[in-house]
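Here is a short briefing on one protein model. Keep the sequence and the 3D view open as you read.

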Amino acid sequence: MLPIARELQLNENQLRDFLDWLEEIVARDGVTIRGVLGRPELQHPLETKLSRNDKLKAVKDALRKLRYPRLSQLEDDLRAAIKALDLGNRVRVSFPAALEGNEITIEIKARTSEEVRDTVLQLQQKLEDGSLQRVFDLLDEI
């Protein structure tokens, strides 16, 4: 763990998160810390020419997915469902970080009342065809 902590220049909170997640994975899966840290999804970013911040993000995301596989899959499914809505760049749909909440946020950017009307009509169509409901159904799986 020390070489990874040094390479990623983990601060105290990041190191604590890494150690907590590693301990929890080891306890749950009956593996060793060395075995977890040797997994390709953790090693690949470390061996790739990335900035320190990009490596840290990639390794942290991979470790988090190992620690919380169901939550991570649900977040991926939510991102896919939101992307499938294809609402364009005037609408942003987001969900709470780490799914700590059961509400989505819908932001509309508009320069004119017509853009607002068109966007609301688009959202109405997504409600009627059930594609927006898919996002809420995924949130209900928490």
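Find Ile 108 in strand β2. The model is a predicted one. Ile 108 is partly exposed, since its relative accessible area is 35% and partly exposed covers values between 20% and 50%. From this residue, the briefing moves to a surface patch, two helices, some backbone angles and the salt bridges.

**The nonpolar patch**

- Ile 108 belongs to a nonpolar patch on the surface, along with Ile 106, Val 116 and Val 120.
- The patch has an area of about 270 Å².
- Two elements each give at least two residues to the patch: β2 (105-108) and α7 (113-128).

**Helix α7**

- Helix α7 is 16 residues long. From first C-alpha to last, α7 reaches 22 Å, close to the 22 Å expected at 1.5 Å a residue.
- Which residues of α7 are buried? They are Glu 115, Thr 119, Leu 123 and Lys 126.
- These four lie on the same side of α7, because they cover an arc of only 70° around the axis.
- The cover over the buried residues of α7 includes α6 (69-85), β1 (91-94), β2 and α8 (131-140).
- Turn to the face that points away from the buried side. The exposed residues Ser 113, Leu 121 and Glu 128 sit there.
- Just after α7 comes Gly 130, with a positive phi of about 85°.

**Helix α6**

- Helix α6 has 17 residues. Its span from first C-alpha to last is 24 Å, close to the 24 Å expected at 1.5 Å a residue.
- Buried residues in α6 are Ser 72, Leu 74, Glu 75, Leu 78, Ala 81, Ile 82 and Leu 85.
- Those buried residues pack against α5 (52-67), β1, α7 and α8.

**Positive phi outside glycine**

- Asp 86 comes just after α6. This residue lies in the loop between α6 and β1.
- The phi of Asp 86 is near 50°, a positive value in a residue other than glycine.
- Is Asp 86 buried or exposed? Asp 86 counts as exposed, because its relative accessibility is 59% and the cut-off for exposed is over 50%.
- Leu 99 is not a glycine either, yet its phi is positive, at about 55°.
- Look for Leu 99 in the loop between β1 and β2.
- Leu 99 counts as buried, because its relative accessibility is 5% and buried means under 20%.

**Salt bridges**

- Side chains of opposite charge can pair when their charged atoms come close.
- How many salt bridges are there? The count comes to 12.
- Glu 12 and Arg 16 form one of them, at 3.6 Å from N to O.
- Why are these partners about one helical turn apart? Glu 12 and Arg 16 are 4 residues apart in helix α2 (residues 12-29), so about one helical turn separates them.
- Glu 12 is exposed at 60% relative accessibility, and Arg 16 is partly exposed at 39%.
- Another salt bridge joins the side chains of Arg 39 and Glu 41, at 3.0 Å from N to O.
- Arg 39 is partly exposed, with a relative accessible area of 34%. Glu 41 is partly exposed too, at 31%.
- Arg 117 pairs with Asp 118 in a salt bridge, with the closest N and O atoms 3.6 Å apart.
- Arg 117 is partly exposed at 47% relative accessibility, and Asp 118 is partly exposed at 39%.
- Lys 65, Asp 76 and Arg 79 form one network, joined by salt bridges that share partners.

Terms used:
Residues numbered from 1 in each chain as written. Predicted model: local features only at pLDDT ≥ 70, side-chain atom pairs only at ≥ 80, totals over all residues. Heavy atoms only, no water. Patch = residues over 30% accessible without salt bridge, like charges linked within 9 Å, V, L, I, M, F, W, Y side chains within 5 Å. Areas by Shrake-Rupley, 256 points an atom, 1.4 Å probe, with all protein chains shown as cover. Salt bridge = Lys/Arg side-chain N within 4 Å of Asp/Glu carboxyl O. Buried < 20%, exposed > 50% of the residue type's maximum accessible area, 1.4 Å probe, protein only. Expected span 1.5 Å × (residues − 1). Arc of directions from axis to C-beta. Contact = heavy atoms within 4.5 Å.
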